[in-house]
Amino acid sequence: MTSSPARTGASMAMASMICVQFGLAASIGLIDQVGAGGAAWLRLFWAGVLFLVIVRPRRSTFSRQTLRVGAALGVVTAGVTMLFMAAVDRLPLGTASALEFLGPLGVAVARGRGWARVWALVAAGGVVCLTQPWAGRADPIGVAFALAAAACWAAYILLTQKVGDSVSGIAGLAISMPVAAVVATIVAGPGVFGRLTPELLLVGLGLAVLLPVVPFVLELLALRRLTAGAFGTLMALEPAFALAIGFLVLHQAPNLLAMAGIGLVVAAGIGAERGDSRRRSAPAAQHHSQVSATA
C-alpha cells in the first residue's frame, strides 16, 4: 500500500477490528449479570433501534426478495452474535475468534483454486493447536458454539452478497438488524427482562455504539479506499487482534501452542483471501462489521 488513500483505508480497517474486539471484551463483563444470551441481546436490541433511526428505511426502497433475504440475514446475524457470546463465555477470546474465522475462511477456500486445499489443511492444523484435544483444555461445548458461529458467519457472507446486489450503502442493515433484535428477544429476552436495570440498558446502548455502529462506519469508509481483496486480507488479522486484546484486557494468556495455532489460522486466511478466484464486490466484503454485531 503505497498511496495515502490505501494507507488511510488500512488504518480504518484495523481500527474497526480493534473496536470490534474491545466491544467483545467489554461485553464479556455483562455475562455475569445477564448471561451470554442477555449480553448479546442488549447489543442486538440497541443496534436494531440505532440503525432504524440512522437509516430511516422506506418500504418502497426494498423489493419482496430483498426483504426476504434481509430477514434471513437478520436471523443469521442473531445466530452468530448469540453463539459467539456463548463461546467466549467458555473459551479465551483469541481462541473463539480464530475458530469463528473458519467460517469466512471456508468460503474463501471454497472459492479458491489450486492452493485452496493446502490453506484448509493449514487452518485445520491451527484448530488442532488451539483446541489441543489431547490435553482436554478447550471446553468442548465452547468449541461447538464457536464452530456453529463460524457456520452462521459463512451463511452471513453469502446472504450479505445477495442483499448487496439490490441495496446500496447501509440500507440493508435497516432490515437485518431489527430482525436480529426480534430473534434475540424471542430467544433470550424472557430470561433477561427480569434482570434489566436502567444502568444495564445504558451499558447496552454504549456497547451497541462500540459494536457494530462505529466499526461499520469505519469499514464503509475503508472500503472506499481499498479493494475488496485487500480488505479481506486485512480481516484475516482479526484473530491476532483478539489474542492481543484478550491478553491485555481480559488477562487471557495462551500457551505457545495456542499462539502458533492462531498464527496458522491467520496465515491460512491471508493465503486463501489472496487466492480467491472471485473478485468480490464491496458490499460482500462489508460482512465483517455487520456480523460482529458481530459477535
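Is Ser176 buried or exposed? Select Ser176 and keep that question in mind while you get your bearings. What you have open is a predicted model, so treat every value on this tour as computed from it.

**Stop 1: the whole chain**

Start with a cartoon view. How many helices and strands does the chain have? The secondary structure comes to 14 helices and zero strands. Going from the N terminus, each element is an α, right through to the end. Now switch on a surface: of the 295 residues in the chain, 53% are buried.

**Stop 2: Ser176**

Back to that opening selection. Ser176 sits in helix H8, which spans 173-188. Ser176 is buried, because its relative accessibility is 0% and the cut-off for buried is under 20%. Show the residues around Ser176 and look for Gly70, Leu73 and Gly74: Ser176 touches these three, once residues up to four places away in sequence are set aside.

**Stop 3: H1 against H2**

Next, select residues 4-28 for helix H1 and residues 31-55 for helix H2. Their axes are 9 Å apart, and the two helices pack at an angle of about 140°. That angle makes H1 oblique to H2. Show side chains where they meet: Leu24, Ser27 and Ile28 on the H1 side, with Ile31, Asp32, Ala39 and Arg43 on the H2 side. Colour this contact by class and you get four nonpolar residues, one polar and two charged.

**Stop 4: just past H2**

Follow the chain on to Arg56, in the loop between H2 and helix H3 (64-88). What is the phi of Arg56? It is positive, about 50°, although Arg56 is not a glycine. For context, most residues other than glycine have a negative phi. Arg56 counts as exposed, because its relative accessible area is 65%.

Now step into helix H3 and click Gln65. Gln65 counts as partly exposed, because its relative accessibility is 44%. Draw a C-alpha to C-alpha distance from Gln65 to Val163: these two are 98 residues apart in sequence, yet 9.1 Å apart in space.

**Stop 5: helix H6**

Select 116-131 for helix H6, then pick out Ala123 within it. Which residues is Ala123 in contact with, leaving aside its neighbours within four places in sequence? They are Leu102, Leu105, Val265 and Ala268. Take Leu105 as one to check with the distance tool: the C-alpha atoms of Ala123 and Leu105 are separated by 8.4 Å, with the two positions 18 residues apart along the chain counted as their separation. Ala123 is buried, because its relative accessible area is 4%.

**Stop 6: the loop from H8 to H9**

Move to Gly194, in the loop between helix H8 (173-188) and helix H9 (198-223). Is Gly194 buried or exposed? Gly194 counts as exposed, because its relative accessibility is 75%. Add Val34 to the selection: Gly194 and Val34 are 160 residues apart along the chain, and their C-alpha atoms are separated by 9.4 Å.

Carry on into helix H9, where you will find Pro212. Zoom in on the bond that joins Leu211 and Pro212: it is a cis peptide bond, with omega about 25°. Most peptide bonds are trans.

**Stop 7: the largest pocket**

Now for the largest pocket, which holds about 240 Å³ of space. Which residues lie nearest its centre? Select Pro92, Thr95, Leu130, Pro254 and Ala258 to land there; the full lining has 22 residues. Helices H4 (93-100), H6 (116-131), H11 (238-250) and H12 (256-274) each supply at least two residues of that lining. The largest share comes from H11, with four residues. Coloured by class, the lining shows twelve nonpolar, seven polar and three charged residues.

**Last stop: His251**

Finish at His251, in the loop between H11 and H12. His251 is not a glycine, but its phi is positive, about 55°. His251 counts as exposed, because its relative accessible area is 66%.

Conventions. Residues are numbered from 1 along each chain as its sequence is written. This is a predicted model: local features need pLDDT of at least 70, side-chain atom pairs count only at pLDDT 80 or more; totals for chains, interfaces and linings use all residues. Side-chain values use heavy atoms; hydrogens and water are left out. On a 1 Å grid over the protein atoms alone, a cavity is a set of points where a 1.4 Å probe fits but cannot get out, and a pocket is an open set with protein on both sides within 12 Å along at least five of seven lines; lining residues have an atom within 4 Å of a point. Grid points are joined across faces, edges and corners, and a volume is the space filled by probe spheres set on the points. Ala, Val, Leu, Ile, Met, Phe, Trp, Tyr, Cys and Pro count as nonpolar, Asp, Glu, Lys and Arg as charged, and the others, Gly among them, as polar. Buried means under 20% relative accessible area, exposed over 50%, partly exposed in between (1.4 Å probe, protein chains only). Axes are lines fitted to C-alpha atoms, for helices over the stretch in contact, and angles run from 0 to 180 degrees between N-to-C directions. Angles under 35 degrees count as roughly parallel, over 145 as roughly antiparallel, 65 to 115 as roughly perpendicular and the rest as oblique. Contact means heavy atoms within 4.5 Å.
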